[in-house]
Amino acid sequence: MRLVIARCSVDYAGRLTAHLPSAPRLILVKADGSVSIHADDRAYKPLNWMSPPCTLKEGTGDDANVWTVVNKAGEKLIITMEEVLHDSSHELGTDPGLIKDGVEAHLQELLADRIDTLGEGYTLIRREYMTAIGPVDILCRDASGATVAVEIKRRGEIDGVEQLTRYLELLNRDPHLAPVRGVFAAQEIKPQARVLANDRGMDCVVLDYNAMRGIEDDKLRLF
């Protein structure tokens with residue numbers, strides 16, 4: 001990962017245009033090719049970003065202070081550096097991934113054992129189906145034989161929907177699995193996460209942990 005703190009302006013040119021005027025900002029360049037621009041607020045959310053796959057080209061000569069990031073759709077993020085305050089690179093290595101807490105792990109186990117609670121005719125392919133960016137909680141097939149990827153959270157928020165989106169993008173590149181649709185499952189799903197999930201064609205499932213622990217009650221609420 002490369003960390004650059006610089007006074008810069010940023011212009012985005014793609015489906016729409018956006019401009020960030022000159023100010024000190026943090027620029028993150030990750031090994032997956034993504035580039036994100038951060039201010040000293042907003043917690044984790046960047047001001048602007050370019051998701052992978054994309055390429056970063058640093059200017060030369062008269063344009064040495066201009067970085068151009070281009071994604072596969074041809075959209076551009078143009079960063080004009082005025083003053084670089086810090087520039088460092090760090091090798092983070094392979095991340096072991098998120099270790100789920102006991103409730104999430106048990107929900108995954110319960111749902112895998114009783115996969116037909118997602119719908120009649122569902123069959124399990126496997127738990128912890130590995131991808132290049134981490135394991136999908138559950139991979140299964142619905143009654144029609146279509147592949148379904150399930151992401152399980154204790155509390156369903158937007159970052160969980162984004163995580164499932166990344167998994168689906170990768171899984172749908174595999175001709176043996178595609179088309180793959182997503183199910184976002186959690187004990188509680190935030191309204192914003194539900195809207196985003198539905199907008200991306202995902203189903204949302206509210207899991208009742210206590211009910212799932214009881215053999216006699218295998219009902220889920222599907223919205």
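The buried residues of helix α2 are covered by elements that include β8 (123-131), β9, β10 (147-156), β11 and α3. This helix offers a convenient point of entry into the structure, which is a predicted model. The residues of α2 that are buried are Gly160, Val161, Gln163, Leu164, Tyr167, Leu168 and Leu171. They lie on the same side of α2, because the arc they cover around the axis is only 160°. An α-helix has 3.6 residues a turn, so residues three or four places apart point the same way. With its 14 residues, α2 reaches 20 Å from its first C-alpha to its last, close to the 20 Å expected at 1.5 Å a residue.

From the helix one may turn to the nonpolar interior. The largest nonpolar core contains 19 residues, and those with the most contacts inside it are Ala149, Val161, Leu171 and Ile189. At least two residues of this core come from each of β9 (134-141), α2 (158-171), β11 (180-189), α3 (191-199) and β12 (203-206). The largest share, five residues, is supplied by α2. The surroundings of alanine 149 illustrate how these parts meet: leaving out residues up to four places away in sequence, alanine 149 touches Val136, Ile138, Leu139, Leu164, Leu168, Leu171, Val180, Arg181, Gly182 and Val183. A second core, separate from this one, has 18 residues, including Leu110, Ile152, Val183 and Met212.

The wider frame can now be set out. The protein has four helices and 13 strands, and its C-alpha trace spans about 70 × 35 × 35 Å along the principal axes. Of its 223 residues, 39% are buried. Among contacts with a separation of 6 or more, 47% join residues 24 or more positions apart. The protein exposes about 13,000 Å², of which carbon and sulfur atoms supply 52%.

Strand β1 (residues 2-13) brings the account to the beginning of the chain, and serine 9 is placed in this strand. Serine 9 has a relative accessible area of 12% and is therefore buried, the cut-off being under 20%. Not counting residues up to four places away in sequence, serine 9 touches His19, Leu20, Pro21, Ser22, Arg25, Ile78, Ile79 and Thr80. Isoleucine 5 also lies in β1. Isoleucine 5, however, is partly exposed, because its relative accessible area is 33%. With the residues up to four places away set aside, isoleucine 5 touches Arg25, Leu26, Glu83, Val84, Leu85 and His86. Between isoleucine 5 and proline 52 there are 21 Å in space, C-alpha to C-alpha, and the two are 47 residues apart in sequence.

Tryptophan 49 belongs to strand β4 (residues 48-50). Its relative accessible area is 44%, so tryptophan 49 is partly exposed. Beyond its neighbours within four places in sequence, tryptophan 49 is in contact with Val35, Ser36 and Leu77. Tryptophan 49 and aspartate 142 are 93 residues apart in sequence, and their C-alpha atoms are 35 Å apart in space.

Finally, the confidence of the prediction deserves attention. The mean pLDDT of the protein is 88, and 91% of the residues reach 70 or more. Over residues 215-223, by contrast, the pLDDT is below 50, although this stretch has 22 contacts in the model beyond near neighbours in sequence. Where pLDDT is low, the predicted coordinates should not be read in detail.

Key:
Residues are numbered from 1 along each chain as its sequence is written. This is a predicted model: local features need pLDDT of at least 70, side-chain atom pairs count only at pLDDT 80 or more; totals for chains, interfaces and linings use all residues. Side-chain values use heavy atoms; hydrogens and water are left out. A nonpolar core is a set of buried Ala, Val, Leu, Ile, Met, Phe, Trp, Tyr and Cys residues joined through side-chain atoms within 4.5 Å. Buried means under 20% relative accessible area, exposed over 50%, partly exposed in between (1.4 Å probe, protein chains only). Contact means heavy atoms within 4.5 Å. The expected span of a helix is 1.5 Å times one less than its number of residues. The arc is that of the directions from the helix axis to the C-beta atoms. Accessible areas come from the Shrake-Rupley method with a 1.4 Å probe; for residues, only the protein chains shown count as cover. pLDDT is the predictor's confidence in each residue, from 0 to 100.
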